[in-house]
Amino acid sequence: MQVRRLRALEPLHSPSLSFAESQAAAAAAAATFVRRPVGPDTCVALIERCGSSTSLKAVHAAMLRASLHLHLPFLTHLVARYASLDSLPLARALFSRSESSSDVFLWNVVIRGCVNGLRHRPSLGLYARMRGLGIGPDNFTFPFVLKACGCLGDLKYGALAHHDALRSGYGSDVFVGNSLVAMYGKCGRVDVARRVFDRMPERNVVSWSSMIGACARNGCYEDGLRLFWEMLDGGVRPNKGAAVDAMACVRREAEADAVCRVAMDNGLDSDLSVLHAAMIMYARCGRVDVARALFDGIHDKDLVCWSSMIEAYAKADMPLKALDLFRELLCLCIDPDAITLLSVLRACLELGSFLRACTVHAIIIRRILEDCIALNTCMVDLYAKCGNLEHARKLFDLMPEKNLISWSAMISGYAMHGHGREALYLFDRMKFSVKPDHIVFVSVLSACSHSGFLNEGWECFKSMSRDFGVTPIHEHYACMVDLLGRAGRLDEAVDFIERMPIEPNAGVWGALLGASQIHRDVKRAEKAAKFLFELDPVNPGRYAVLSNIYASLGNKEEANQIRDLMKRREVRKLSGHTIIEIGNRIYTFVAGDRSHRQTDVIYSELDKLMAKTRLEGYKPNIHEAEEEIKEDM
């Protein structure tokens, strides 16, 4: 009996029978149950044989007729089986009749059912009620509760559960320790996770995997990889979870090759989750070609596989390849989910293609995903960046639910197109329903900067800490420097930087450099560049701006000196490219590009446009374009 009770708490495994066979067996079993009464000696075995809620209901009915539901052990197995078959409402209904029971196993079954059903907050409510009744949790209770805390990001409740585990004598239990490491990692406290990990008297591969995963989740990539090699040196054989977590920590190609060799040596290279992680890893390291080779080598590709490759292309700034792969997926009649469509929208954002935005939006509507807040928010952002604020605002107003990111996307859309008044109006509306965070304030301050609203920008900046308890960070200070700079108040901008309570970073000095370029202020540009060449020495844009300021004032010698400095430091400016959409086709070209078959016609029209702009008084600064073309030759 005890063995069966423990088995009920183990992860569920897929049945060996096919779906049709299992359904047929369940129907036959249900018919048998109806005809024959259930006895105490067969009750548990029959419950465990049920593969569907239909057959289990038949057993349940037979138990009611035999009054076996009044016996706690049988009821416990019945509740556990309902929960494992995703019939959580029925499990909880049965449980509510025995809620006063002191059987910790019964409580564990229902708590686990809630966690597996993604009902994390109710699971914590059950745990609290269990403790209130004086029922002591065991080492099976805490992993479920800690998993719920991690998924919710509820550090406070997780710490309380940790205290309960220590007080109950399970602080040294390996399963509880693993769950604590994972919970603290998900809650952003990798330092506490590491302390728990270091104090564990016993560790298994899950312990190492949990700690490596905590490092990966919190950006401690070097520490995560170091732990992975330490685990191998200790003779612990990696499982697929450890391999996937280690791959999430990799940032260099040589490391990727080494981790892949470990996966292959341990027979993990045929596991789909490992292959997905390897694809993303190589794409992150700049080897999208290797990621594509892995993708092509997978015979039975699932939707996660397609999504991973589309995401890899989108992140690698290869949006056309991402969209081509998405088109291939649709041709295979595979229905995309929200995650796939988010990757596709990322690619559309890179292109700024309005027609493709409309196409993806239509797919979202057809797939009945228009209530997904993440997709709607991304579509608002996409329409805004395609220049169609009307579509963006219409979709925004129709959204059944809005979060901070939704408001920020719409405000940012108005900001980037210089519609500062609309951005401020929307910000005032938002304050009545949602408390703004630092991201929203960046959007609002940017709107004020682009629209020249100096007074409104100052008031917004002051209100951050005064009215909303949001402490300004570097991005907010950079926006204020940009605001003052665009208004021509460079002296105030420099004074503002010098009075900052935090050390100015490259973003702040970059804002001053940009403002100095607008007003051709060499003195302040040199001041900003002095700091930028130390803080951000590999950013070619910083050198190019200062060089262009010198060139625009006729100081060609100084301009060339900056270009020479770039060469000595081996800093190369990446060629900018332009994307235009004509007749549902996308064309990409760079400065001085003559690869198009209609190059002569294009340059003829360009000459006409330049002649018209000169008649209007525009004097182009061709210094930077000439330098870019020289570098590309």
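**Figure 1. R203 and two aromatic rings, F197 and W208, in a predicted model.** Start with W208: the charged end of R203 sits over its ring, 5.5 Å from the ring centre. R203 also has its charged end over the ring of F197, and here the distance to the centre is 4.2 Å. As the model is predicted, take these as computed distances.

**Figure 2. Y127 and F142, an aromatic pair between helices α8 and α9.** The chain has 16 aromatic pairs by the rule used here. In this one, the ring centres of Y127 and F142 are 6.3 Å apart and the planes stand at 65 degrees, so we call the pair edge-to-face. Y127 belongs to helix α8 (residues 120-132) and F142 to helix α9 (residues 141-152), so that distant parts of the chain, 15 residues apart, are linked. Are the two residues buried or exposed? Both Y127 and F142 are buried.

**Figure 3. W458 and F496, an edge-to-face pair within an aromatic cluster.** With 5.8 Å between the ring centres and 75 degrees between the planes, W458 and F496 count as edge-to-face because the angle is over 60 degrees. Helix α28 (residues 454-468) supplies W458 and helix α30 (residues 490-498) supplies F496, so the pair ties together parts 38 residues apart in sequence. The two partners differ in burial: W458 is partly exposed, with a relative accessible area of 22%, while F496 is buried at 6%. Zoom out a little and the pair turns out to be part of one aromatic cluster made of W458, F461, Y477 and F496.

**Figure 4. D154, a buried aspartate in a loop.** Look for D154 in the loop between α9 and α10 (155-167). D154 has a relative accessible area of 17%, so it falls on the buried side of the 20% cut-off. What does D154 touch, once residues up to four places away in sequence are set aside? The answer is R121, C149 and C187.

**Figure 5. M247 in the largest nonpolar core.** This core has 184 residues, and M211, M247, M309 and L512 are the ones that touch the most other members. Helix α7 (residues 104-116) gives the core its largest share, nine residues. As a general point, nonpolar side chains in soluble globular proteins tend to be buried together. Zooming in on M247 and skipping neighbours within four places in sequence, you'll find contacts with V259, C260, A263, V274, A277, A278, M281 and R284. For the wider setting, buried residues make up 45% of the 633 residues in the chain, and the chain holds 36 helices and two strands.

**Figure 6. Helix α14 crossing helix α16.** The axes of α14 (residues 221-233) and α16 (residues 253-265) come within 13 Å and cross at roughly 35 degrees. The crossing of α14 past α16 is left-handed. Which residues meet where the helices pass? From α14 come E222, L225, F228, W229 and L232, and from α16 come E255, A258, V259 and V262.

**Figure 7. E255, a buried glutamate in helix α16.** Here we stay in α16, the helix that holds E255. Its relative accessible area is 17%, so E255 counts as buried. Leaving out neighbours within four places in sequence, E255 is in contact with E222, L225 and V250. C285 is 30 residues away along the chain, yet the C-alpha atoms of E255 and C285 are separated by 9.4 Å.

**Figure 8. C305, a buried cysteine in helix α19.** C305 sits in helix α19 (residues 303-315) and is buried, with a relative accessible area of 0%. Apart from neighbours within four places in sequence, the contacts of C305 are H276, M279, F295 and I298. I280 lies 25 residues from C305 in sequence, with 10.0 Å between the C-alpha atoms. Across the whole chain, residues 24 or more positions apart account for 62% of the contacts with a separation of 6 or more.

**Figure 9. D317 and C333, non-glycine residues with positive phi.** D317 isn't a glycine, but its phi is positive, at about 60 degrees. The residue lies in the loop between α19 and α20 (319-331), and D317 is partly exposed, with a relative accessible area of 43%. C333 has a positive phi too, near 60 degrees. Its place is the loop between α20 and α21 (338-351). Is C333 buried or exposed? C333 is exposed, with a relative accessible area of 68%.

Definitions and conventions: Residues numbered from 1 in each chain as written. Predicted model: local features only at pLDDT ≥ 70, side-chain atom pairs only at ≥ 80, totals over all residues. Heavy atoms only, no water. Phe/Tyr/Trp six-rings, centres within 6.5 Å; stacked < 30°, edge-to-face > 60°. Helix = DSSP H or I, 4+ residues; strand = E, 2+ residues; numbered from the N terminus. Buried < 20%, exposed > 50% of the residue type's maximum accessible area, 1.4 Å probe, protein only. Lys NZ or Arg CZ within 6 Å of the ring centre and 35° of its normal. Contact = heavy atoms within 4.5 Å. Core = buried A, V, L, I, M, F, W, Y, C linked by side-chain atoms within 4.5 Å. Axes fitted to C-alpha atoms, helices over the stretch in contact; angles between N-to-C directions. Left-handed = near helix turned anticlockwise from the far one by under 90°.
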